[in-house]
2 protein chains.
Amino acid sequence: MTRRSFQRLSEDARRNDLLEATLAVIADCGINAASARRIAERAGVSAGLIRHYFASKEEMLHAAYAHLIGQLISTAAEQADLGGTDADARLAGFVEANLSAPNLSDFKLSLWATFIGMIRSDAAYAAIHRDGYREFLEMLQVMIAPVRAAHELPATPADCRLLAIALNGLIDGLWLEGSLEHGLYDPRELAAIGLRAAEDILRLPEGTLLRHRAGQ
Amino acid sequence: MTRRSFQRLSEDARRNDLLEATLAVIADCGINAASARRIAERAGVSAGLIRHYFASKEEMLHAAYAHLIGQLISTAAEQADLGGTDADARLAGFVEANLSAPNLSDFKLSLWATFIGMIRSDAAYAAIHRDGYREFLEMLQVMIAPVRAAHELPATPADCRLLAIALNGLIDGLWLEGSLEHGLYDPRELAAIGLRAAEDILRLPEGTLLRHRAGQ
DNA sequence: GTCATTGTTTTACAGTCGTACAACAAGACG
DNA sequence: CGTCTTGTTGTACGACTGTAAAACAATGAC
């Protein structure tokens, strides 16, 4: 018996590989088929290594969920940052990022749904969900305030929080329908639909957000 | 060894018990813990019996998903029927049913999400999802037409289909946010929010749907 | 070049999984 | 009451599960 040759990786790199492999296997094979052995194989690693980075497979799944949420949020935050100091552009970028690739994808939706299905029976998933939701809402609220203020609309924290909730509902609904790929609207249209609806919800003049659309 | 005493049930009754037990275990314990043995125990039956009603556990899961979708749709259809021949009341009832108990629940959301997470890796789930979505859309389209016509608004099948898609997105988004129980709005308000937004989407006079609200 | 460290593989194990099938008993029918 | 049908139970089996731990080898320090 000759042993497999291998390469030592930094803790961060290997951990990341395992998390990405976990997500890939769940999305491609389903959560039921996502065994430790299959995930390890996908990561190009032996099954035993998992326990070197995570206390249990369950802990790795929790970390993978947090990893996914982090990707979704940071992708949106990065696109918002492309707007620089322009409040309208920042908000538009944030909304658009959530309604276009890579956040808009059946891959991510499949994972999101799988984990959402577990928050009822596992408090760890529920906590990760709650934290991500809070962070998302807070970012929205912070971005909404200056946009509303610039158009001389009420923009107290309380106002903006309610608007953030409504906007989050809109984004979630459109993201869900778009990612489910019902083929009912061109994915490229989705961001425009969302930006237009966001203007309505925030009572902004027509085009305030839409003219900052990056795609197309 | 003395055998457990048991009762023979009709095929329909036993099948239904097994499907309900399947859903209950998935929601309460998570899909990973939903083994055939645990499901059988929940149904008050031995594990071997499953194979008498379903060719495999997988087939039972598929049937359970279809069962859930059927519940969601028929609950909404029944509440629509309470509106009798009044087109406005029928549509309002349909929308409201999807935004209040029993359709609005963390139990049902948990199941819905779990199955949605599997449509990417299993064609059988995808087919069930597609069929349910089509049926839902068609019901909306049929109910929208007379409401629009009564207010002398365009109501061709093409018009109503687009409106049904938009309305479905709204319902899905609100249902999702409401069922996730973020505690951000009173569940009783949700139906009112949805009816009000539906009036906007369909360009109906204020109160057209809202005054048919059954709850409260 | 040698050694120590430790990331990685391999093997082993007890438990659980889905399921096939034989034994049984509940209910229907005469 | 006896007999037949078949819904239901109990058991057995091989495959797979998560995980513990020993054996090993890649890398860095000197």
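**Stop 1: Phe136(B) and its partner**

Select Phe136(B). Its relative accessibility is 11%, so Phe136(B) counts as buried, the cut-off being under 20%. Keep in mind that this is a predicted model.

Now add Phe94(B). Phe94(B) is buried too, at 0% relative accessibility. Phe94(B) and Phe136(B) form an aromatic pair. Their ring centres sit 5.2 Å apart, the planes make an angle of 50°, and the pair is tilted. Which helices hold these rings? Phe94(B) belongs to helix H5 (residues 87–98) of chain B, and Phe136(B) to helix H7 of chain B. The pair therefore ties together parts that are 42 residues apart in sequence.

**Stop 2: two tyrosines in chain B**

The count over all chains comes to 10 aromatic pairs. Select Tyr65(B) and Tyr125(B) for another of them. Here the centres are 6.0 Å apart and the planes stand at 50°. Why is this pair called tilted? Planes under 30 degrees apart would count as stacked and over 60 as edge-to-face, so an angle of 50° makes the pair tilted.

Colour the two helices next. Tyr65(B) lies in helix H4 (residues 57–81) of chain B, while Tyr125(B) lies in helix H7 (residues 123–150) of chain B. Parts 60 residues apart in sequence are tied together by this pair. Are the two tyrosines buried or exposed? Tyr65(B) is buried, with 0% relative accessible area. Tyr125(B) is buried as well, with 2%.

Switch to chain A for a cluster. Ring pairs link Tyr65(A), Phe115(A) and Tyr125(A).

**Stop 3: chain A as a whole**

Show chain A as a cartoon. How many helices and strands does chain A have? There are 9 helices and 0 strands. From the N terminus on, every element in the run is α: α-α-α-α-α-α-α-α-α. The C-alpha atoms fill a box of roughly 75 × 35 × 35 Å along the principal axes. Chain A has 216 residues, and 49% of them count as buried.

Select Arg161(A) in helix H8 of chain A. Its relative accessibility is 37%, so Arg161(A) counts as partly exposed. Then pick Ile144(A) and draw a line between the C-alpha atoms. The two residues are 17 apart in sequence, and the line spans 8.8 Å.

**Stop 4: DNA strand C**

Show DNA strand C with the residues around it. The strand is surrounded by 26 residues. The closest are Arg8(A), Tyr53(A), Arg8(B), Arg51(B) and Lys57(B). Of the atoms of DNA strand C that come within 4 Å of the protein, sugar and phosphate account for 61%.

Zoom in on single contacts:

- Tyr53(A): a polar side-chain atom lies 2.5 Å from a phosphate oxygen of DNA strand C.
- His52(A): a polar side-chain atom lies 3.2 Å from a phosphate oxygen of the strand.
- Arg3(B): a polar side-chain atom lies 3.2 Å from a base nitrogen of the strand.

Which helices supply at least two residues each to the surface near DNA strand C? They are helix H3 (50–53) of chain A and helix H2 (36–42) of chain B. H2(B) gives the most, with 3 residues. Colour this surface by class: 8 residues are nonpolar, 7 polar and 11 charged.

**Stop 5: the largest pocket**

Select Leu170(A), Ala197(A), Ile201(A), Ala197(B) and Ile201(B). Among the 37 lining residues of the largest pocket, these lie nearest its centre. The volume of this pocket is about 1900 Å³.

Both chains take part. Helix H8 (157–179) and helix H9 (187–202) of chain A, and helix H8 (157–179) and helix H9 (187–202) of chain B, each supply at least two residues of the lining. Which helix gives the largest share? H8(B) does, with 10 residues. By class, the lining has 23 nonpolar, 4 polar and 10 charged residues.

**Stop 6: the second largest pocket**

Finish in chain A. The second largest pocket has a volume of about 550 Å³. Its lining has 15 residues, and Phe6(A), Gln7(A), Arg14(A), Val45(A) and Leu49(A) lie nearest its centre. Helix H1 (11–29) and H3 of chain A are the elements that give two or more residues to this lining. Colour the lining by class: it divides into 5 nonpolar, 5 polar and 5 charged residues.

Terms used: Residues numbered from 1 in each chain as written. Chains lettered and ligands numbered in written order. Predicted model: local features only at pLDDT ≥ 70, side-chain atom pairs only at ≥ 80, totals over all residues. Heavy atoms only, no water. Phe/Tyr/Trp six-rings, centres within 6.5 Å; stacked < 30°, edge-to-face > 60°. Helix = DSSP H or I, 4+ residues; strand = E, 2+ residues; numbered from the N terminus. Buried < 20%, exposed > 50% of the residue type's maximum accessible area, 1.4 Å probe, protein only. Near = heavy atom within 4 Å. Polar contact = N/O pair within 3.5 Å; in protein donor to acceptor, adjacent residues only side chain to side chain. Nonpolar A, V, L, I, M, F, W, Y, C, P; charged D, E, K, R; others polar. 1 Å grid on protein atoms, 1.4 Å probe; cavity = no way out; pocket = protein on both sides within 12 Å on 5 of 7 lines; lining within 4 Å. Points joined across faces, edges and corners; volume = space filled by probe spheres on them.
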